[in-house]
Amino acid sequence: MEIDNFDRKILNCLQENSRQTAEQISDLVGLSAPACQRRIKKLRQSGIIAKEVAILDPQVCGNRTTLVVQICFAVGGIETVDGFKENICQLPEVQHGYYCTGEADFIIIMTVKDMQDYDRLCREWFFGNPAIRRFDTSVAIGVVKAGFNIPLDVE
């Protein structure tokens, strides 16, 4: 589906707050509310809007710790990579998983209750995996920026 300037404006509005009404969006993009409603429906049906989620405040949800884990494999191959992809998709603690070029084969962003929780996950998922040569973990001290917005240029 081709998107035009109005679609990009609508998508930018929805990326900021997906709970805005068509009426609110129409005021911002210069279209009628029914036209915005139709466009939003098409954007959802086409898959351009892949998902709409609630973003929770980590401090309210138990002050969880965010970790960035770089994983390097000892052995490669399709089975190793695909198996690891499947494993990290099973872990609710993994918020992002990236298959990478460079030194690390994977970079994952995780949220854990505390370091004992992370130790448990390491023992279950990393230490016992013969494909993993090493993993390096960085603990986030604070959030500077978090989001999923994709910058869409509006003409």
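User: Which side chain does Asp-4 meet in a salt bridge?
Analyst: In this predicted model, the side chain of Asp-4 meets that of Arg-39, at 2.8 Å from N to O. A salt bridge here is a side-chain nitrogen of Lys or Arg within 4 Å of a carboxyl oxygen of Asp or Glu.

User: Where in the chain are the two?
Analyst: Asp-4 is in the segment before helix H1 (5-16) and Arg-39 is in helix H3 (residues 33-46), so the pair links distant parts of the chain, 35 residues apart. Helices (H or I, at least four residues) and strands (E, at least two) are DSSP runs, numbered from the N terminus.

User: What else does Arg-39 form a salt bridge with?
Analyst: Asp-7, with the closest N and O atoms 2.9 Å apart. Asp-7 sits in helix H1, 32 residues from Arg-39.

User: Asp-7, buried or exposed?
Analyst: Asp-7 counts as buried, at 4% relative accessibility. Asp-4 is partly exposed at 31%, and Arg-39 is partly exposed at 21%. Buried means under 20% relative accessible area, exposed over 50%, partly exposed in between (1.4 Å probe, protein chains only).

User: How many salt bridges does the structure hold?
Analyst: Ten. One of them joins the side chains of Arg-134 and Asp-136 (3.1 Å, N to O). Glu-93, Asp-117, Arg-120 and Glu-124 are linked in a network of salt bridges.

User: Any ground rules on numbering and confidence?
Analyst: Residues are numbered from 1 along each chain as its sequence is written, and side-chain values use heavy atoms, with hydrogens and water left out. Local features need pLDDT of at least 70 and side-chain atom pairs count only at pLDDT 80 or more, while totals for chains, interfaces and linings use all residues.

User: Now the sheet. What is the strand order?
Analyst: E2-E3-E1-E4, an open sheet of four strands with antiparallel pairing. Two strands pair if DSSP finds at least two bridges between them.

User: Which strands stand at the edges?
Analyst: Strand E2 (94-99) and strand E4 (132-139); each has a single partner strand, so one side of each is left without a neighbour in the sheet. Neighbouring strands are turned by 20° against each other on average, direction ignored.

User: How many bridges join E1 to E4?
Analyst: Seven, with E1 covering residues 65-73. Leu-67 has Val-139 in E4 as its bridge partner.

User: Which helix packs on the sheet, touching E1, E3 and E4?
Analyst: Helix H5 (residues 115-127), whose direction makes about 160° with that of E4. Contact means heavy atoms within 4.5 Å. Axes are lines fitted to C-alpha atoms, for helices over the stretch in contact, and angles run from 0 to 180 degrees between N-to-C directions.
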